[in-house]
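Me: I should like to learn how to read the features of a structural model in an orderly way. May we go through one together?

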Amino acid sequence: MKNRNIHYRRPIPALLVALVLGCFSLSPAVQAASDSRQPKEFTQIDVPGAIFTIATDINPQGEILGFYLDSSFNLHGFVLSNGVFRTIDVPGAANFTIATGINPRSEIVGLYDDSSGNRHGFLLSKGAFTTIDVPGATLTVASGINSGGDIVGDYFDSSGNRHAYLLSKGAFTTIDFPGAGTFGRDVEGINPRGDITGFYEDSRGNTHGLLQSKGKFTTIDVPGAIQTFLTKINPQGDIAGESIDSSGNTHGFVLSKGRFTTIDVPGAVLTDASGINPRGDIVGDYIDSSGNDHGFLLSR
C-alpha cells in the first residue's frame with residue numbers, strides 16, 4: 001500500500017504512508033507506447049463529513065472501496081454500493097482502519113492498528129473479520145484479494161526488512177524481488193490468473209512497477225517517469241497505477257495491451273489511480289487546487 005509522503009505504497013497515496021507507517025533476475029523494462037488520450041467521465045467521491053476520501057478498489061458489481069478521515073482525525077474504511085456508504089471498522093481497532101482490496105464476492109482486505117498500536121492485516125468475509133499476520137512479522141498489511149480468495153500484501157520482519165507475500169489456501173509465501181532494496185518491496189493487486197502487481201525500490205532508491213506472472217518478474221516503467229507504481233490488475237491483465245514525472249507531478253495511468261493512458265482528473269494537482277475492475281472502471285483519488293483530497297470514479 002503506498003503513500004504520499006512516505007512510500008508504503010505510493011498507492012495508498014502519499015498522505016497515506018505518512019499515516020500508515022507513521023512514524024522487489026528482473027526482466028527488461030516494458031517498452032510500451034505512451035498515450036495521452038484522456039477519458040472524461042469522472043465522478044467525485046466524498047464520504048459525507050469527511051476531511052478527505054480515498055478510493056482504493058472497485059469490483060465487477062461496481063462496489064467502491066476506500067477509506068476516509070473523519071472530523072476527529074480517525075481513519076475508517078468504507079464501501080460505496082448503490083449510492084450508499086457503509087463504514088468499515090475492525091472491532092477493537094484504535095481509530096485506524098484502512099480498506100484496500102475487494103473481490104467479486106465482496107470480500108475485503110485492509111489493515112488496522114490494535115489498541116497497543118500494532119499494525120495487522122485483515123479479511124472481512126460474510127460479516128466476519130479475520131486478522132492476518134505473517135508469522136514472525138512486526139507489521140503486516142493486506143492489499144489485494146482475487147476472486148479465489150488469494151491475498152497479497154507486505155510485511156516487516158524482525159530486522160526491519162520489508163517483504164511482499166502471497167497468502168493462498170492458508171499458506172504464506174514470501175515474494176522477494178531480485179535487485180530490490182531492503183525497504184522497497186510492495187505488492188498491491190492479484191487477479192484470478194494469479195498475476196501480481198506492485199512496485200519495488202532498487203538499490204539507488206528508484207521506484208519501478210513490478211509484474212509477476214507465471215513465476216516471471218517484469219519491471220514496468222512509464223516512459224519518461226522517474227518513479228512508477230503499479231496498483232491493481234483486472235482479469236484481462238489491464239493494470240492501474242501512478243507515476244511521477246521529472247517535474248515531480250503525479251499522474252494516474254492504465255496500462256492495457258502494452259499501451260499507457262494517462263489519467264488526470266481535470267483541475268487536479270495530483271491524481272492517483274488505485275483500482276480497476278473487469279469493465280475497465282477505475283477508482284483513485286486526487287488533490288484539487290485548494291489542497292483537498294477526493295476519491296474519484298472514472299467510468300468506461
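Me: Which strands each supply at least two residues of the lining of the largest pocket?

Reply: Please keep in mind that this is a predicted model. As a general idea, rolling a probe the size of a water molecule over the atoms shows where empty space is left. Here, at least two lining residues of the largest pocket come from each of E3, E11 and strand E19 (227-233).

Me: How much space lies in the largest pocket, and which residues are closest to its centre?

Reply: The largest pocket holds about 220 Å³ of space. Its lining comprises 21 residues, and those closest to the centre are Ile-102, Ile-145, Ile-190, Ile-233 and Pro-235.

Me: How many residues of each class are found in the lining of the largest pocket?

Reply: Eleven of the lining residues are nonpolar, eight are polar and two are charged.

Me: Let us turn to the interior. Which residues make up the largest nonpolar core?

Reply: For a core, one looks for buried nonpolar residues whose side-chain atoms lie within 4.5 Å of one another. The largest such core in this model has eleven residues: Phe-52, Ile-54, Phe-67, Leu-69, Leu-75, Phe-96, Ile-98, Leu-111, Leu-139, Val-141 and Phe-156. Two or more of these residues come from each of strand E3 (52-58), strand E4 (64-69) and strand E11 (139-145).

Me: Is E11 largely enclosed or largely open, and why?

Reply: The cut-off needed here is that a buried residue has under 20% relative accessible area. Seven of the seven residues of E11 are buried, so the strand is largely enclosed by the rest of the structure.

Me: Now the sheets. In what order do the strands of the open sheet that contains E11 occur?

Reply: Strands of a sheet pair through backbone hydrogen bonds, either parallel or antiparallel. In this case four strands form an open sheet in the order E11-E12-E13-E14, and their pairing is antiparallel. E11 and E14 are the edge strands, each with a single partner, so one side of each has no neighbour in the sheet. From one strand to the next, the twist averages 30°.

Me: How many bridges join E11 to E12, and which residue is the bridge partner of Ala-142?

Reply: Six bridges join E11 to strand E12 (residues 151-156). Ala-142 has Gly-153 in E12 as its bridge partner. The two strands E11 and E12 form a hairpin with five residues between them, and Gly-149 in the turn has a positive phi of about 90°.

Me: How many bridges join E12 and E13?

Reply: E12 and E13 are paired over six bridges in the antiparallel sense. One point of reference is Tyr-155, whose bridge partner in E13 is His-163.

Me: What is the order of the strands in the open sheet that contains E3?

Reply: That open sheet has four strands in the order E3-E4-E5-E6, with antiparallel pairing. E3 and strand E6 (84-88) are at its edges; each has a single partner strand, so one side of each is left without a neighbour in the sheet. The twist averages 30° from one strand to the next. Strand E5 (residues 75-81) is joined to E6 by five bridges, and Gly-77 has Ile-88 in E6 as its bridge partner.

Me: Which residue in the loop between E5 and E6 has a positive phi although it is not a glycine?

Reply: The residue is Asn-82, with a positive phi of about 55°, and its place is in the loop between E5 and E6. Asn-82 counts as exposed, at 78% relative accessibility. A further case is Lys-169, a residue other than glycine whose phi is positive and near 55°. Lys-169 is in the loop between strand E13 (162-168) and strand E14 (171-175), and at 86% relative accessibility it counts as exposed.

Me: Finally, how should one read separation along the chain against separation in space? Where does Lys-216 lie, and what distance separates its C-alpha atom from that of Asp-195?

Reply: Lys-216 lies in strand E18 (residues 216-220) and is exposed, with a relative accessible area of 52%. The C-alpha atoms of Lys-216 and Asp-195 are separated by 9.7 Å, and the two residues are 21 residues apart along the chain. Pro-223, in the loop between E18 and E19, is partly exposed at 41% relative accessibility. Pro-223 and Asp-245 are 22 residues apart in sequence, with 9.3 Å between them from C-alpha to C-alpha.

Definitions and conventions
Residues are numbered from 1 along each chain as its sequence is written. This is a predicted model: local features need pLDDT of at least 70, side-chain atom pairs count only at pLDDT 80 or more; totals for chains, interfaces and linings use all residues. Side-chain values use heavy atoms; hydrogens and water are left out. Buried means under 20% relative accessible area, exposed over 50%, partly exposed in between (1.4 Å probe, protein chains only). On a 1 Å grid over the protein atoms alone, a cavity is a set of points where a 1.4 Å probe fits but cannot get out, and a pocket is an open set with protein on both sides within 12 Å along at least five of seven lines; lining residues have an atom within 4 Å of a point. Grid points are joined across faces, edges and corners, and a volume is the space filled by probe spheres set on the points. Ala, Val, Leu, Ile, Met, Phe, Trp, Tyr, Cys and Pro count as nonpolar, Asp, Glu, Lys and Arg as charged, and the others, Gly among them, as polar. Two strands pair if DSSP finds at least two bridges between them. Axes are lines fitted to C-alpha atoms, for helices over the stretch in contact, and angles run from 0 to 180 degrees between N-to-C directions.
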